[in-house]
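Visitor: I would like to learn how to read an interface between two domains, and then a sheet. Can you take me through both?

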Amino acid sequence: MGFTRRDLLRFSGGSAAGLLLTPVPWTLLHDTAVLTENWPGVPRPRHGEIATRYTTCTLCAAGCGVRARCVEGQPVSLAGVAGHPGSRGALCPAGLAGHHLTFCRGRATEPLAKGKPVGIDHALASVSAAIAECGSGESVAILDARPGRAASLVYRRFLAGLPKAVHCAPPDAQPYGGFGIDLENTRAILSFGARVLDGWLSPGRVLANRSCFQLIQAEAAYSRTASLADVWVPLPPGGEETFAAAVARALQGDDADAQAAHVARILLHNQPAIAIGGGAAAARINQILGSVGRPGGFLPRRDFMPATNIAALPDHSIRVLLIEEPAANDSLPWDVVARKLAQNPMVVALTPWLDGCAQHADYVIPAPVYLESLDEAPTPEGCTVAGFSLSPALLPTPPKLMAPAEFILRLAHDPSAYSEILKQRVAAIKKEARGTIFTYADAKSTRVADFASADDLWKAMLGGAAWFDDPIRSSRTESLPRAGWSNPPAVPSPEYPLVLISADSPPPHGSPLMSKLYRESGLRRSAIAAAVHPETGRAHGLADGGRAIVKIPGDSFTAQVIFDAAVMPGVIQSAGRASSPASIRRA
Amino acid sequence: MLSHIVFLGLFYSVLAVVSATVGLSLFRAVQDFRARRTEAICWQATFPDLPARGRVCRHELTGEFRHRTCDKAFDCRECQTHAALAARHPPGPGEPDIFGLNFPLDRFYHRGHAWAHPEPDGTVTVGLDALGARLVADPEATELPAVGAHIQTNGAAWHVRKRGADVRVLSPLDGEVVATGGSQHGWYLKVQPDGGRFDARHLLRGAEIRPWIARETERLQSALDPTSQALTMADGGVLMDDLATGHPEADWDAVCSEMFLQP
Amino acid sequence: MFQEHRGQILFLGGALAALVAGWGGFPAVLFQREPQPVAFSHKIHAEKAGAKCDDCHFLRADGTFTGIPTLDKCSGCHAQPMGTTAEEKRFMDRYVTRNREIPWQVYTRQPENVYFSHVFHIKLAHLDCRQCHGRQGQSDALGPARVNRISAYSGSPQFQNMDACENCHRQRGAANSCLACHK
Amino acid sequence: MNTTSSRPGTKPARYGMAVDLDRCTGCGACMIACAVENNVAPAGPDATPRTGITWMRVYQISNGAPFPDSRAAFVPILCQQCGKDTPCAAVCPQEAVEVDPATGIVDQMPQRCLGCRYCMTACPYHARYFNWWDPRWPPGMEKTLNPDVAPRMRGVVEKCNFCHGRLHAARDRAAAAGRRELLPGEYVPACVEACPAGAMVFGDLDDAASEVARLARDGHSFRILERLGTEPKIYYRTARPWVRQAATQQRKETANA
Amino acid sequence: MPDVDTQRMPRGVRRSSPRQFLLWILPWCALLAFGLYGAGLCLVKGLNQTNMDNRFAFGLWIFLDLTVIALGAGAFFTGFLLYIFKKNELKAVINSAVVIGFICYSGAVAALLVDVGQPLRFWFTFWHPNVHSMLTEVTFCISCYLTVLFIEYIPILLKNRKMRQVPSFLVFEFELHKLMPVLAGVGTFLSFFHQGSLGGLYGVLRARPFAFREGFAIWPSTFFLFILSAAAAGPAFILLTTWLVSKISRKPLVRPEVLPLLGRISGILLLAYILLKAIDTLVWINSTSPARGFAAHQFYAWKPFGAWILFVEIVAFGLLPALILLRRRLRQSTPWLVSAAGLVCLGIATNRFVLTIQTLALPTLPFDRFLTYLPSWQETATFLAVAAYGVLVYSLSFRYLTLFPQEKDLSC
């Protein structure tokens, strides 16, 4: 008789019972659970030799010392260098995640002509052609993000060989000209909108001295610095000049409004005091306070390399503009630059990023980012003595990338490599034999003179070291540069009843981690947020958290409304926006 | 540590109890098989599921009680009440003709419409009574136990198929089948009762039959046609020989299950 | 006979089949046997070259453990073929001359989430290599590594078994909290 | 001198942290350093502030005064390493959370975690985070993962453990030097190391000589939600009354509709 | 074909035609399929499919579990009264109660398996239990009790008309049924504990002052309140379902005195529960919460979750139905009875909602804010799948099994 269904049931029943007495079910339970430990898609970190390497941060002008923890040569985390005279062992958030920069999206990976990939030689040829075609009255300009570096020397040398050329800098570069700030001895700071507690100079140095100086923040925006300052003077947008004048008057004993008088009193009672960021009027205050050239004020230093402020150039004068955009956190005010361009200009962007000035460029020369190539950090911004340190690459330079200086050297048909230029710079330091070398690895300072040769010095600096000049006793009497940051007053009109002003914004280029953490913690309001005072908001029919359209002359954007009672009434605070009259309505 | 012991101890003892319960009932079930208690238990498990009207005590039928539901699953042999009542006034003789149906008085009747007739040779003949026979007249199939098979009181005696109704006829006695007949013979089984003597205490007899059949016909009617109260008996109250053909609309399975005590 | 016990026999048959499959077949299927790329003999290295364990498997200054040495350690001595065996030749021109790292199969790769400190066990607990690695140091040939097809761990019950660690730690009064050995 | 081994006879440590709210400028360096150190993946495109993982999270608080009197302060919130009936450890159904007797650190074991998230509902500081996604890094960026910390898989809870990977590394270094015990300062979490304002101090609270113990005793120091009685090991310090008020007193206003 | 269908239905009762039945279950099947798709997404793509987040770590599903399990408590409590206290009138609904219990618990367990981040590790709880966690207690008891319910379901299954034709099944059923009191006892014990520990789940959250309650030994007061409330809600839910089923199937299922009896049981327990709940709330407002630095009124300061919820929960959904159910005259009228039962169930749902959702919405950090949460469609779908599963299992059971023994007698 055949195999019936009942037989099958019996058999399978038996095998089920039997299976329970084998490791099968239990092993399966266990191993599937273990499988969840190395779940598919969870990467395995690299293991291997762990080494510490040193470099210097070039993300901004602060030039902080960096200690990198490397696994098999790959940096896995960055930290400050304890005892570094410039950065006091600190790094800013961007610096801490600097080694992620190379993996960021939106990078320029190959030379582009009008967005189309081209060979580097073709790019060079057409740029030189454009330079050759330069007519009379038209000039070639290199916009140098940070004048005063070896790269800047390369630029100047190249430009010197051209009939009409100019080496210029962004409006807010070199705010203190050839001066440094003797922060260690300052007792009061009157800041006109400078982000003193939010990335000004080198954070470590500022914060280390924070408890020693009174901070008066005079600006319209309720910025990070304003919210933490000892005194916040909420100026009407663009009211810096007037207020500065009032303070100046009060300082001289003339009558002024209570607020100015109060500020003046603080400045007088906390000497030495300085005023920063306020353009001409601030310079005036400094003059009255006598803060130029005295301890606790602005001290002159060697090495100053003046560059023309691009804003000061005649309009429509530049035919060929080469913009060097470093892996910087502050982007360029394009409207200012555009005004200077002549008819059918050629704009060449020497940049690692596609979303910065590259958008406006005819040619894009992809530059390596921080840690991808040997670079240099010049005198830290605001440092009272000249400084210099190398930023050795910790990562291989990706193919097809070219450092701006290299590109200019090729343009100038100069055979020498950028590293050679840097080496010459080091050699010069050795030759002048001034100042001390601070080596990162052992946090020791050595006189330059004590180095046997320029080569030793070069090696030392490649291993992570910073040179700082000796302070100078100079009787230079010229006052601070008049240029520098200053808001044109934005006048409200019936059409634009409000004023749009900039608020702290997350750096445009940073580690994906940084943007994530800022967004999730709400530490930095995203660029699409517009903060207004609740009353202002309601007056314009807005709702907290709702969407709104912000109109400014010649432009408009939608933003998410945030009611913030701390914001000045009649003002819209939005990240990374230039000051301008504006109107807002519910979207 | 202690809390671990207490907690897990409780948990495992609960598991133990649960599995023990299941195990025990399985074990008992097997025991029942061995001891041939299957049929009895099936009936035990079936009886409570019968509709209340199918479970009335025979003494309610005879009017000795107004309302009494049998709690012995129709096994009056274990019922003191029955013993007492039967002793006080045993059922008198009745008459064989009831609504034109013939219920010979020398037979004992099971509530499942099987009759038992003790033969002089000590065997007992078993068949379907007049009502039962009309319910399954000329069946499509009859499945009789093999000669030598053992049947139990209230257990299945034989099976009859009729118009989709699968009827199992309950056995009126315990015993061993010695011969098998069929509808055409008028009897179905000859049974050698266990222990040689035939105990009929649980079967209806004499005067008990009429009230019982009266009640059965009511049930039959409601089963045949739950809605109408119309008299379903052909020509002046005599049931036709083949009820099935007489009521083509009726759900025969339901009718038979009602009359043959199948839930 | 068969007919009347048909039920039981079928049941037991099923059980038997399951037992055979479960104990016999399953482990064979579950574990993948990965042969070693090179026929390496600890014995020869220990006896002929007089190498000790920590000549190749040593602790770094920061206390981390090198584990299996990289190729340059091998080519340190094997710059020229040592001996004329076919295997040596194969080894030379497949790895040394091409300077390709040897894809060793690790018997005892710890899961990513395990922090096992060799330095603790060697320097502080003063354990001898043999106590965990047995006579591997004297072995003449490297057997294949067994890799669990489901969990993808190189399964060596002795090493992939937390209870073993815990027991020893308990006996010696060493730290036994989760993160003492996990990361 | 503190020890991190639970050997009988050697004194266990009770690691804690003191945060000076008057120094903190809310720059977020601690968050970045933490995420870099502990292999926290960048958020996916559809992550929200409430689904992302930030072991260390800086909250901005304000004195509530409107323009122009508004003032702000920043409160870094990390796992407070509760020392007494630790809420999360008590509720975990499968011993994936425990308090290490040798260090006082509240251990979270992602490999044991079932992902039931009961501990998250139990934590008053919202310092526990669930992996709602598989961890994903931009192409190539997984090369920058820290080998001392295992990346977590989807569906498990994780939280700050005082950079336990650094503790392991420190122990290795000490052991290499033949020491079983760590010297003060030999082990410091990434956030403390990274803080440019030097607002954070880390150490053994049981070591009376340590800086952190001194700060914990400071009159300006307090702990958040102290009255819950869970003995957190993170101390906050401020001389500004309103900051202390805002960080400890339950808000009165019903500011939502 | 219909023959095959009818031959599996109990005899002597009328059921809808196969076509009708198909039309009835089809939409539910569709809903189930949709829900399973949603749940599948959560399992395959991960819990990012839900709208839960680090702050709202528990959401709709936990609320579902707590509510459903409270409503399923009828199984244990009816069994308890029937087998231990020999309240034989309850025979009329015990089968239905068991099926409902089985549905509720299996549904809850299914939802839980989707809810956890690593379902493959479900057995860790049994292998490395932390016996101090209420969740461990819940897991153990619920898994045990589900087994018990399944075993209790077997006899009902075996009594199916086709099944009972196999004598061995009938015998096993018979023997198992004789031991039912044991199972009922075990079930009661287990339910007692896990209903309680479900309450404890939130009551022990010492760091969530809104939920935390002082208590007795290791058990917070919510432990005992949950037991009582579940025992009160169970019978009410059975009452409700029985009434609903007989409305839908348009036939009497139980004798008229059964439902009022259920109502009365529910009423008594509910009253006791509400009184204790009120006392507990007072203690919490005046002692427990202030002691942890939280003034209770703050919890109700966040619109729309004002104090009205507390009022509704205690008075409208508690006191009111209790009083209705305790008045004989009102009890006798079906509209009153049924609506009261409905209110009881609503009350339980509200209570569980407040505990699960409001607790998480409230801020504990002083500088934190009130949070809102809206379940995603995947969550809702999974929720609905459980409901659809319940309806399907119940419909099939009702069609082919004897859930209401009295139906047969009442149908004629």
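**Reading a domain interface**

Guide: Begin with polar contacts. In this predicted model, six residue pairs, both partners at pLDDT 80 or more, are in polar contact across the interface of domain 1 and domain 2 of chain B.

Visitor: What kinds of residues make up the side of domain 1 of chain B that touches domain 2 of chain B?

Guide: Three are nonpolar, two polar and two charged.

Visitor: How many salt bridges are there between domain 1 and domain 2 of chain B?

Guide: The count is zero.

Visitor: Where do the two domains of chain B lie in the sequence?

Guide: The assignment gives 1-47 for domain 1 and 50-259 for domain 2. Their C-alpha centres are 37 Å apart. Seven residues of domain 1 of chain B contact 11 residues of domain 2 of chain B.

Visitor: How is the size of an interface often given?

Guide: As the accessible area lost when the parts come together. Here, domain 1 and domain 2 of chain B bury about 890 Å² between them, and carbon and sulfur atoms give 63% of that. On the side of domain 1 of chain B, B:E39, B:W43 and B:F47 supply 78% of the area it buries against domain 2, more than any other three residues.

Visitor: Now the sheet. What is the strand order in the open sheet of chain D?

Guide: The order is β10-β2-β12-β11, four strands with mixed pairing. In chain D, β10 (200-204) and β11 (221-222) are edge strands with a single partner each, so one side of each has no neighbour in the sheet.

Visitor: How do β11(D) and β12(D) run, parallel or antiparallel?

Guide: Antiparallel, with two bridges joining β11(D) to β12(D), residues 234-237. D:F222 stands opposite D:Y236 of β12(D).

Methods: Residues numbered from 1 in each chain as written. Chains lettered and ligands numbered in written order. Predicted model: local features only at pLDDT ≥ 70, side-chain atom pairs only at ≥ 80, totals over all residues. Heavy atoms only, no water. Domains from an automatic or database assignment. Contact = heavy atoms within 4.5 Å. Buried area = accessible area lost by both parts, 1.4 Å probe. Salt bridge = Lys/Arg side-chain N within 4 Å of Asp/Glu carboxyl O. Polar contact = N/O pair within 3.5 Å; in protein donor to acceptor, adjacent residues only side chain to side chain. Nonpolar A, V, L, I, M, F, W, Y, C, P; charged D, E, K, R; others polar. Pairing = 2+ DSSP bridges.
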